[in-house]
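Reader: I'm new to this one. Could you walk me through how to read it?

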Amino acid sequence: MLNRLRRFRRREERWQATFLRMLGPEEPELGCDECFAQLDRFVELEAAGVDAAEAMPELAAHLRGCGACREEHEDLLAFVRERGQ
Amino acid sequence: MTGREARAWPLPPVAVPAAEPEPWPGPRPLLDPDSRAWIAALSGTGATREQAVARLHALLVRAARFQLSRRASRLRLRGESVADLATEAADDALVSVLAHLHDFRGASRFTTWASKFAILEASVVLRRRVWKEREVTLDGDAFFEATPALADEEKREHRELLESLRVAVAEVLSDRQREVFVAVALNGVPIDLVADRLGATRGAVYKMLHDARRKLRTHLELPGGAATL
């Protein structure tokens with residue numbers, strides 16, 4: 001029974017997270033074009049171990065709100081990290 | 001051998017801008033030595049430039065192939081390979097990089113800056129392929145009718161929340177904002193595809209999504225969602 005309740009709780013939390021994610025970030029954020037223009041800088045900061053989200057908060061907010069830009073950010077960061085190895 | 005493979009580098013893959021690039025506008029930015037060498041070679045003429053363009057194309061192919069391989073599980077390739085799509089994306093990226101060379105200000109290494117063009121092109125190619133045979137639905141009915149497996153009390157809360165959202169989407173948003181919000185935020189249609197469908201740019205569609213979200217948050221008296229996750 002306890003496991004069932006935990007399972008329900010996890011589903012509920014997942015659903016709430018999905019619901020809130022649909023409504024996007026509240027903070028000021030860049031648009032897709034500005035995000036692309038600055039993405040290389042953001043990624044190099046991350047690759048260097050710097051808190052890029054703190055340095056470039058509006059770009060970080062956009063990545064939380066835009067699935068396409070988030071995907072491209074993840075792939076560029078992974079590529080830069082692999083090349084750096 | 002496909003058409004793409006037949007015209008693989010070193011043959012010019014696409015219309016590369018003229019061998020005599022325009023003079024650099026204004027003072028050149030301060031660059032790291034490697035980036036400076038790239039810019040010097042690509043801004044030059046003759047064999048030096050040709051070799052630099054070939055090296056750049058090879059880098060872009062690697063970046064595009066990396067992206068496509070990373071997301072390969074979403075690909076349902078028919079008669080095409082990751083290599084073909086990577087070459088296609090790299091060709092387009094090469095044109096963009098050379099056309100935007102003067103925009104490079106040295107905020108990152110040149111190779112990182114150039115690679116993002118290939119990642120972008122590969123991502124767009126991939127999303128279009130994945131959605132080629134899927135229905136791009138701008139209707140939110142399926143989303144609002146879905147009920148996750150929850151306990152009874154949670155189901156009631158879930159329905160109430162969903163109903164609030166459904167009413168807000170119907171009453172607060174403009175027709176275009178509703179289309180964009182339902183497609184991107186509810187149905188998960190990639191923003192590129194929605195932009196194609198509406199004949200708009202990705203940036204313009206995101207602006208519509210941003211405005212729609214702000215209206216809904218205000219109406220539902222909710223904070224920004226992603227910020228709290």
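Reader: Let's start somewhere concrete: which helix does B:Ala83 lie in?

Author: Some ground rules before that: this is a predicted model, where local features need pLDDT of at least 70, side-chain atom pairs count only at pLDDT 80 or more, and totals for chains, interfaces and linings use all residues. Residues are numbered from 1 along each chain as its sequence is written, chains are lettered from A and ligands numbered from 1 in the order in which they are written, and side-chain values use heavy atoms, leaving out hydrogens and water. Helices (H or I, at least four residues) and strands (E, at least two) are DSSP runs, numbered from the N terminus. With that, B:Ala83 sits in helix H4 of chain B, which covers residues 82-99.

Reader: Is B:Ala83 buried or exposed?

Author: In between. Buried means under 20% relative accessible area, exposed over 50%, and partly exposed in between (1.4 Å probe, protein chains only). B:Ala83 has 25%, so it counts as partly exposed. Also, its C-alpha atom is 9.6 Å from that of B:Arg62, 21 residues away along the chain.

Reader: How many helices and strands does chain B have?

Author: Chain B has 10 helices and 0 strands. Read from the N terminus, its elements go α-α-α-α-α-α-α-α-α-α. Of the 229 residues in chain B, 45% are buried.

Reader: Where is B:Gln177, and what does it touch?

Author: B:Gln177 belongs to helix H8 of chain B, residues 175-186. Its relative accessible area is 11%, so B:Gln177 is buried. A contact means heavy atoms within 4.5 Å. Setting aside neighbours within four places in sequence, B:Gln177 is in contact with B:Met208, B:Asp211, B:Ala212 and B:Lys215. For chain B, among contacts with a separation of 6 or more, 68% are between residues 24 or more positions apart.

Reader: Now the cysteines. How many disulfides are there over all chains?

Author: The general idea is that a disulfide is a covalent bond between the sulfur atoms of two cysteines. The rule used here is a pair of cysteine sulfur atoms within 2.5 Å, and the count over all chains is 0.

Reader: Why does A:Cys35 not have a bond to A:Cys69?

Author: Because the sulfur of A:Cys69, the closest cysteine sulfur to that of A:Cys35, is 4.2 Å away, too far for a bond. A:Cys66 is in no disulfide either, with the nearest cysteine sulfur, again that of A:Cys69, 3.7 Å away. As for burial, A:Cys35 is buried at a relative accessible area of 1%, and A:Cys66 also counts as buried, at 1%.
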